[in-house]
Amino acid sequence: MTSVRLPPEMTSADITRNLLLLRASETLSTTVTTSDVLQAVRHLRGTGLGASHLQVVPMDATPDPLAARAIRERRAFYFADAAELAAAFPAVSALGRQAAACLPVVGTVGVLGALHLRWDMPRTFYVAERAVIATLASYIAGALERAQRLDARSGVADILQEAILSRLPAVDRYELAAHYLPANRQEKVGGDWYDVVAGRANQLIMVIGDVVGHDMAAAARMGTLRSMLRAYIVDRHDSPAALLRRLDAANHALGEPIMATAIVAVIDALDGGGYRLRWSNAGHPPPVVVHPDGTVRSLTGNDLLLGARRVARRRTWTTPLPGGSTVLLHTDGLVGRETDDSLHRRLRTWRSVRLQDLLDDAVADIGTDRDDDIAILAARLPAGR
């Protein structure tokens, strides 16, 4: 390996190297995933250092002998020309490299990989240049650790989202659809939820709720309420108001009350024909009914949100529904800054056949800069009853 030399004088190359570090810092600061970091490093090739090859070798990759040794021994290697490289690593000398450098990328919890550079010409590695390469490796380590934390959170979010977003049951003759968009697109989950439980005699129980917050903490609180309410629904055949009263009681009895809005709606198939909708609303945006002729109306009746009071008045409201009607429940993120009238206009102009298309149309004009989760749940009743 070459001996360390001091540069004879400061040159424009020093300024170029400083600009490289500035560019590297700015580029790496915008990365989100591990893949982003690896791609950003490749884009730095040749800038300031003139390297023909610049790559981060992650720990989960299969490193060549040079990178493997740098990782194993946690030290940097510099080779001024092909002869030095061949003497130390005969197995890699045939790759046509001249000068080469390889450093471990060390984070706060250990080695994350290796930074591997090579040049097509012999090179003298002065102290200043080694310092630049070492600083670049430290920048990469910070970006990789941040990306790995985000990757881990994303993985947890995927699992949590899969757990909390109920699969819609197959219910004879009913058409069901749901749509969920988290406000936090990195964590992928939030405080909104929906649920559907199939009851006896073609009965359908629909639930939608919104816990305060838009992150994993809100999702965890939401999971608590959702699980309790789901258990109450299958345990007894209570009215919607009674179900919410039981949820309120448990919410206060089991620790700090969770603040949330929710609707429990039950669709009953009547013996004489037709359908009936019963619902109880705890501070949530009203249910919407789309009639077969395209008429859209919001259903009034609203009580106190969950968690606000240990004993709150809960009422069950009732309305008849003709066959072919659609019952739509949604969280407040759907309307956002708009009004219920704008939602009704979108629903009135719907001409698709599938119910899922209706939900997709309802969110089609909502931008990506929203600051609230969106959950929508819809059920279309069989026609001709």
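Which helix does D151 lie in? The residue sits in helix α5, and we'll come back to its neighbours after a look at the whole chain. Keep in mind that this is a predicted model.

## The chain at a glance

The protein chain has nine helices and 14 strands. Of its 385 residues, 49% are buried. The exposed surface comes to about 18,000 Å², and carbon and sulfur atoms supply 53% of that.

How do the contacts spread along the sequence? Take the contacts between residues at least 6 apart in sequence: 67% of them join residues at least 24 apart.

## D151 and its distant neighbours

Back to D151. At 31% relative accessibility it counts as partly exposed, because the cut-offs for that class are 20% and 50%. Leaving aside residues up to four places away in sequence, D151 touches T33 and T34. V32 is part of the picture too: its C-alpha is separated from that of D151 by 8.4 Å, with the two positions 119 residues apart along the chain.

Helix α5 itself covers residues 127-164, and a loop connects it to β5 (175-181). R173 lies in that loop, and its phi is near 80°, a positive value in a residue that isn't a glycine. R74 is another non-glycine residue with a positive phi, this one about 55°. Its place is the loop between α3 (65-73) and β2 (77-79).

## Helix α7, mostly under cover

Helix α7 takes in residues 240-253, 14 residues in total. From first C-alpha to last it reaches 20 Å, close to the 20 Å expected at 1.5 Å a residue.

Buried or exposed: what are most of its residues? Buried, with 11 of the 14 in that class, so α7 is largely enclosed by the rest of the structure. The buried set includes nonpolar residues such as L243, L244 and L247, but R246, D248, N251 and H252 are on the list as well. Just after the helix, G255 takes a positive phi of about 125°.

## The β6–β7 hairpin

Strand β6 spans residues 192-198 and is mostly covered, with six of its seven residues buried. Its partner is β7 (residues 204-211): the two run antiparallel and are joined by seven bridges. One pairing to look for is V197 in β6 with I205 in β7.

Five residues lie between the strands of this hairpin. A201 takes a positive phi near 55° there.

## Salt bridges

The structure holds 13 salt bridges. One of them pairs the side chains of R230 and D195, at 2.3 Å from N to O. R230 belongs to helix α6 (residues 216-235) and D195 to strand β6, so this pair ties together parts that are 35 residues apart in sequence. The two ends differ in cover: R230 is partly exposed at 33% relative accessibility, while D195 is buried at 2%.

D268 and R276 make another side-chain pair, at 3.0 Å from N to O. Here D268 is buried, with a relative accessible area of 7%, and R276 is partly exposed at 31%.

Then there's R246, one of the buried residues of α7. It forms a salt bridge with D238, and the closest N and O atoms are 3.3 Å apart. D238 counts as partly exposed, at 23% relative accessibility. Both residues belong to a network of salt bridges that also links D235 and R236.

## A nonpolar patch on helix α1

Which residues form a nonpolar patch on the surface? They are I15, L19 and L22, and together they have about 310 Å² of accessible area. L19 is in helix α1 (residues 12-29), and with a relative accessible area of 53% it counts as exposed.

The spacing is worth a glance with helix geometry in mind. An α-helix has 3.6 residues a turn, so residues three or four places apart point the same way.

Technical notes: Residues are numbered from 1 along each chain as its sequence is written. This is a predicted model: local features need pLDDT of at least 70, side-chain atom pairs count only at pLDDT 80 or more; totals for chains, interfaces and linings use all residues. Side-chain values use heavy atoms; hydrogens and water are left out. Helices (H or I, at least four residues) and strands (E, at least two) are DSSP runs, numbered from the N terminus. The expected span of a helix is 1.5 Å times one less than its number of residues. Buried means under 20% relative accessible area, exposed over 50%, partly exposed in between (1.4 Å probe, protein chains only). Contact means heavy atoms within 4.5 Å. Accessible areas come from the Shrake-Rupley method with a 1.4 Å probe; for residues, only the protein chains shown count as cover. Two strands pair if DSSP finds at least two bridges between them. Patches are made of residues with over 30% relative accessible area and no salt bridge: like charges are joined within 9 Å, nonpolar side chains (Val, Leu, Ile, Met, Phe, Trp, Tyr) within 5 Å. A salt bridge is a side-chain nitrogen of Lys or Arg within 4 Å of a carboxyl oxygen of Asp or Glu.
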